[in-house]
There are 2 protein chains.
Amino acid sequence: MKYSKATNYALHTIVYMIEQARNEKISVQKLADHFNVSTTYLSKILTQLVKANLIESTTGVKGGYVLSKKVEDISFLDVIYAIEGNAAFFKCEFKDSKCLIHKTMIEAESLMEEYLQNKKLYQVAQNECQGE
Amino acid sequence: MKYSKATNYALHTIVYMIEQARNEKISVQKLADHFNVSTTYLSKILTQLVKANLIESTTGVKGGYVLSKKVEDISFLDVIYAIEGNAAFFKCEFKDSKCLIHKTMIEAESLMEEYLQNKKLYQVAQNECQGE
DNA sequence: GCGTGATTACTCGGATACAAGATGTCCGAGTTTGAGCGG
DNA sequence: CCGCTCAAACTCGGACATCTTGTATCCGAGTAATCACGC
């Protein structure tokens, strides 16, 4: 039961983009250097963020990635869902919907997700840990 | 980011034991039949619960497992920790302790865990999903 | 009937096998910008 | 100076390799109750 490294990279990437001058495109290359990961790997992660409509990409020379929303609209949960998917943490093998254990676990998860939905990434920008 | 099946089995096993007459030993065999899993696999899971002092085992003929605490003292979180470990969901690769992303994620996790700590398993016993 | 040993019904733990997912790399393809070059 | 071509700088996507973790099985060892047997 752990969040993947990819989620960590995704969160940091978005925060980094928030801290850049607005609407300035940024290349995978630059991000990868900054976080000290391979460009190809990071690009996979960014592709997932694009599919979730959190960022936009423009191809070709001078291409790169830009936030596609107002910074106030990007929550932790948005990024997490984009990378991890939005399936429930817990799934009862048995009677599922009627299972009280299942119900309890879902309630617990909801608490956490509600918090992460209300927490926006721009709130932690600046003074943020910036890779190595 | 998902809880393992083992956690599901563990939670259901404890609930099942709560529903049994108190202090009555129960064998892996019986539990495995009930949940329709292999005895050897379930026994590994139970061993983890023993190590976490949630249940006790007695070996030999007429041996088996019994709860080792009062039912009011067994929380969801106890069982989850026993199986999943108590490591944090999220770990920042970078400056860790100073990272606000990390801090936020830990806060979110704490909310969930607090809920699961206060929720006891006997509260969902009875009317519970009992395997197939 | 009483002690001793064998059998039986259990748990325990190590070794192993398999599958799935996370992590990461490689490479070829498509796309846009801009530079170079010829008329 | 205009238009064409071509290279360069990007993203995109599929295929693949590797590692870790979860799931599951097998088997041999240890342990305690009970049964059987001999004295």
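A residue is near a strand if one of its heavy atoms lies within 4 Å of the strand. The legends below describe a predicted model.

**View 1. Residues around DNA strand C.** There are 22 residues around DNA strand C, and A:Lys5, A:Ser38, B:Lys44, B:Ser57 and B:Tyr65 come nearest. Sugar or phosphate holds 66% of the strand C atoms within 4 Å of the protein, and bases hold the rest. The surface near DNA strand C has six nonpolar, 12 polar and four charged residues.

**View 2. Polar contacts and elements at DNA strand C.** The side chain of B:Tyr65 has an N or O atom 2.3 Å from a phosphate oxygen of the strand. For A:Ser38, a side-chain N or O atom is 2.5 Å from a phosphate oxygen. A:Lys5 instead places a backbone N or O atom 2.7 Å from a phosphate oxygen. Two or more residues of this surface come from each of helix H1 (5-19) and H3 of chain A, and H3, strand S1 (55-58) and strand S2 (64-67) of chain B. H3(A) gives the most, with three residues.

**View 3. Residues around DNA strand D.** Of the 21 residues around DNA strand D, the nearest are A:Lys44, A:Ser57, A:Tyr65, B:Lys5 and B:Ser38. Sugar and phosphate make up 64% of the strand D atoms that come within 4 Å of the protein. H3(B) gives the most to this surface, with three residues.

**View 4. Polar contacts at DNA strand D.** A polar side-chain atom of A:Tyr65 is 2.3 Å from a phosphate oxygen. A polar backbone atom of A:Val61 lies 3.4 Å from a base nitrogen. B:Thr59 has a polar side-chain atom 3.4 Å from a sugar or linking oxygen.

Notes: Residues numbered from 1 in each chain as written. Chains lettered and ligands numbered in written order. Predicted model: local features only at pLDDT ≥ 70, side-chain atom pairs only at ≥ 80, totals over all residues. Heavy atoms only, no water. Polar contact = N/O pair within 3.5 Å; in protein donor to acceptor, adjacent residues only side chain to side chain. Helix = DSSP H or I, 4+ residues; strand = E, 2+ residues; numbered from the N terminus. Nonpolar A, V, L, I, M, F, W, Y, C, P; charged D, E, K, R; others polar.
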